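Welcome! Please open the model in your viewer, and we will walk through it one selection at a time.

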Amino acid sequence: MVYKYDFLIIGAGVSGMSYALKVARAKKGKICIICKTSLDEANTSFAQGGVASVTNFEVDNFEKHIEDTIVAGDNISDRTAVEMVVRNAPEQIRELVDWGINFDKNEDGTFDLHREGGHSEFRILHHADDTGAEIQRGLMEAVRKNPYIDVKENHFAVEIITQHHIGARVTRRTSCINCYGAYVLNPDTQKVDTYLSKVTLMCTGGCGAVYQTTTNPIIATGDGEAMVYRAKGTVQDMEFVQFHPTALYSPGDTHPAFLITEAMRGYGAILRLPTGESFMEKYDPRLSLAPRDIVARAIDNEMKIHGLSHVCLDVTHKNPEETRQHFPNIYVKCKTMGIDITKDYIPVRPAAHYMCGGIKVDYNACSSIQRLYAIGECSCTGLHGGNRLASNSLIEAVVYADVAAKHSLEHVDLYDFNEQIPEWDDEGTMTNEEKVLITQSVKEVGEIMSNYVGIVRSNLRLKRAWDRLDMLYEETENLFRRVKASRDICELRNMINVGYLITRQAIERKECRGLHYTTDYPVHAYDKKD
């Protein structure tokens, strides 16, 4: 089956839906959102903390937010990208509110602002402790009501289409690669359909599922980064994997690990050992409010020193009623485990949380492949540099959705559908035995990445990861050529590709920088003396 859309959107979180709504206003063509699960299962729904934006100009300003972002990014953020996001944030907040999204307010009508690690001021807009779910709810309602937007739920994008598929030789040196749409797996027919488009947007979210312990849902398999890499597009800064310092520790839990929002530390929670001793004063003068990379490494180090499976977050000194009011979902979740957070310590440990790198884009969200845009966590805008400042991700998504919508609307009329694209070759069969092989390989990827490419790395560990992933890659590609395309094997391919990219780019960065910490290069390369 062949479908034609002017705007093809692969992914359905805050990035994809806000872009769709912005494009739909122009009424310049048909829009389709490809969603690999249902709309409400996007990574956005799992974001607890909030959205960073300067709104209280009496005490805060753009310059402070810009500086906080660059410092957290270990001074390798793209300043132009940072300024663009920070200065456009208030306007995008107003648009989110116009779409029906509710942020908590004080009695006087001003936003109730939180403060999180790395921020010099209170500037985090939130909805209790489930901000992502509220944003997803508001955007879903707006998208479902919009007659110009088709939503294909439980559909899976297998590959983006380029001139490679009509016989042209495409390499990483090809000067002009064009995207003509995507091949998409239909869950009802189990056939791969052809979606031709004039403009394609990649917004597939994160890749935390390549690690054993992650706050991401199991669908976060790095599909966008992998598809663009296979299409010879530029993917960079993948070594910068952010581990959230405080995921709820629960023995035997599968991912996603339940996130204990950074806003709780902004509220006054203190990191302690199970014995009650605080430890962040040994690592950073900002204590529990230091940037995430510092806090995650500190917790990792304390766990290794003391042989612990977790450390603790203490909020027992705060007003119990206020605590329950600010963090109702965390309170309820912990109660199910027999933990009353107003009286008991919360057991926490780091978990893979956010990818700061991804598909390289310019200030209009254009990738290195013509007619292909990328926004959200799968993209690399330069905003985050070596480490993402807390709550900058959601605002980055809506700001770049705005610039991508404006740019693509200006250019969509210049493009035509490519009618020469062949249909997908769906030869092959899949047996139950082969499904077992896929399941085992997914498990191996998680073990490799967690053991060798985690919070602390070394050349030896990275080399071992490279070798193991190379073997899995060969096995999986051989299997993929013999069987029909299925979501299981496509996700496995993507996970292996992403694991390889993280590992390779970690090997190439011969310094400690931001989220990339290696025992072989303990200081910044530019600090070394001859």
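Start by selecting β9 together with strand β14 (residues 358–360): these two pair in the antiparallel sense over 2 bridges. Keep in mind as you look around that this is a predicted model. For a closer view, click on V235, whose bridge partner in β14 is I359.

Next, bring helix α5 (residues 223–230) into view. Helix α5 packs on the sheet and touches both β9 and β14. Its direction makes about 45° with that of β14. Are the residues of α5 buried or exposed? The helix is mostly covered, with 8 of its 8 residues buried. Try colouring some of them, including D223, M227 and Y229. Then step just past the helix to K232, which follows α5 and has a positive phi, near 75°.

Now widen the selection to the whole sheet. It is an open sheet of 3 strands in the order β9-β14-β16, and its pairing is mixed. Why is one side of β9 and of β16 left without a neighbour in the sheet? β9 (235–236) and β16 (379–380) stand at the edges and have a single partner strand each, so one side of each stays free of a neighbour in the sheet.

Time for another sheet. Select β10, β13, β12 and β11: these 4 strands form an open sheet in that order, with antiparallel pairing. At the edges you will find β10 (241–248) and β11 (270–272), each pairing on one side only. Neighbouring strands here are turned by 45° against each other on average, direction ignored. In general, strands of a sheet pair through backbone hydrogen bonds, either parallel or antiparallel. Zoom in on β11 and strand β12 (residues 311–314), which are joined in the antiparallel sense over 3 bridges. Here R272 has C312 of β12 as its bridge partner.

For the next stop, select helix α12 (residues 459–482) and helix α13 (residues 487–508). Their axes come within 9 Å and cross at roughly 155°. That angle makes α12 roughly antiparallel to α13. The crossing is left-handed. Show side chains to see who takes part in the contact: among them are L462, W466 and Y473 of α12, and I489, I496 and Y500 of α13.

Finally, colour the chain by pLDDT. The average is 92, and 96% of the residues score at least 70. Over residues 525–530, however, the pLDDT is below 50, and this stretch has 5 contacts in the model beyond near neighbours in sequence. Where pLDDT is low, the predicted coordinates should not be read in detail.

Terms used:
Residues are numbered from 1 along each chain as its sequence is written. This is a predicted model: local features need pLDDT of at least 70, side-chain atom pairs count only at pLDDT 80 or more; totals for chains, interfaces and linings use all residues. Side-chain values use heavy atoms; hydrogens and water are left out. Two strands pair if DSSP finds at least two bridges between them. Contact means heavy atoms within 4.5 Å. Axes are lines fitted to C-alpha atoms, for helices over the stretch in contact, and angles run from 0 to 180 degrees between N-to-C directions. pLDDT is the predictor's confidence in each residue, from 0 to 100. Buried means under 20% relative accessible area, exposed over 50%, partly exposed in between (1.4 Å probe, protein chains only). Angles under 35 degrees count as roughly parallel, over 145 as roughly antiparallel, 65 to 115 as roughly perpendicular and the rest as oblique. A crossing is left-handed if the near helix is turned anticlockwise from the far one by less than a right angle, and right-handed if clockwise.
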